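Here's a friendly walk through one protein chain, meant for someone looking at it for the first time. Keep the picture open as you read.

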Amino acid sequence: MMLRMPRKGSSIAEKSIAALNQKDFDTLKILFFTTHSIATHCRPLTDYNWMCKADERKGLNIGATYRNDKSCKQFMVAMAEVTRGEIEEK
């Protein structure tokens, strides 16, 4: 008798985790867009806080994590590293 493994993503637990991961991804996506706006418009990192509040007032769920200027700086560093890697590849 051969045991059969369930298909990936077929259990309720896996579907729940995937939904949570998608929610976290969507939240980080909004925060990265906010960070990108600050960088492209040469705004101070402290503007990140009020921009997050504005996003929340617009109905976007961005949570309480990563809502400070230190997180904004970390996001900028990550975006710069990705951009540098793309330039080096070309």
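Let's begin with disulfides: a search through the whole structure turns up 0 of them, and keep in mind that this is a predicted model. Why no bond for Cys72? The closest cysteine sulfur belongs to Cys52 and sits 8.0 Å away, too far for a bond, since a disulfide needs the two sulfur atoms within 2.5 Å. Cys72 itself is buried, at 0% relative accessibility. Cys42 is another story: that residue is exposed, with a relative accessible area of 68%.

Now step back and look at the overall layout. The chain has 3 helices and 0 strands, so to speak an α-α-α run from the N terminus on. Of its 90 residues, 17% are buried. The chain exposes about 7500 Å², and carbon and sulfur atoms supply 59% of that area. Take the contacts between residues at least 6 apart in sequence, and you'll find that 49% of them join residues at least 24 apart.

What holds the middle together, in terms of residues? The largest nonpolar core has 9 residues: Ile30, Leu31, Ile38, Tyr48, Met51, Cys52, Ile62, Cys72 and Phe75. Each of H1, H2 and H3 supplies at least two residues of this core. As a rule, nonpolar side chains in soluble globular proteins tend to be buried together.

Two members of that core are worth a closer look. Cys72 is found in helix H3, residues 69-89. Not counting residues up to four places away in sequence, Cys72 touches Thr35, Ile38, Leu45 and Tyr48. Cys72 and His36 are 36 residues apart in sequence, yet their C-alpha atoms are 9.3 Å apart in space. Ile62, with neighbours within four places left aside, is in contact with Thr27, Ile30, Leu31, Cys52, Asp55, Glu56 and Arg67.

One of those partners, Thr27, is found in helix H1, residues 12-40. Thr27 counts as buried at 15% relative accessibility. Beyond its neighbours within four places in sequence, Thr27 is in contact with Asn61 and Ile62.

Next comes helix H2, residues 47-57, where Asp47, Tyr48, Met51, Cys52 and Asp55 are buried. Seen down the helix axis, these buried residues fall within an arc of 135°, so they line one face of H2. Just after H2, Gly59 takes a positive phi of about 100°.

How many salt bridges does the whole structure hold? The search finds 3. In general, side chains of opposite charge can pair when their charged atoms come close. Here are the pairs:

| Pair | N to O distance |
|---|---|
| Arg43 and Asp47 | 2.7 Å |
| Asp55 and Lys58 | 3.1 Å |
| Glu56 and Arg67 | 3.0 Å |

The Glu56 and Arg67 pair links distant parts of the chain, with Glu56 in helix H2 and Arg67 in the loop between H2 and H3, 11 residues apart. Glu56 is partly exposed at 40% relative accessibility, and Arg67 is partly exposed at 22%.

What about the other two pairs: are their residues buried or exposed? Asp47 is buried at 8% relative accessibility, while its partner Arg43 is partly exposed at 45%. Asp55 is buried at 8%, whereas Lys58 is exposed at 61%.

Terms used
Residues numbered from 1 in each chain as written. Predicted model: local features only at pLDDT ≥ 70, side-chain atom pairs only at ≥ 80, totals over all residues. Heavy atoms only, no water. Buried < 20%, exposed > 50% of the residue type's maximum accessible area, 1.4 Å probe, protein only. Helix = DSSP H or I, 4+ residues; strand = E, 2+ residues; numbered from the N terminus. Arc of directions from axis to C-beta. Contact = heavy atoms within 4.5 Å. Areas by Shrake-Rupley, 256 points an atom, 1.4 Å probe, with all protein chains shown as cover. Core = buried A, V, L, I, M, F, W, Y, C linked by side-chain atoms within 4.5 Å. Salt bridge = Lys/Arg side-chain N within 4 Å of Asp/Glu carboxyl O.
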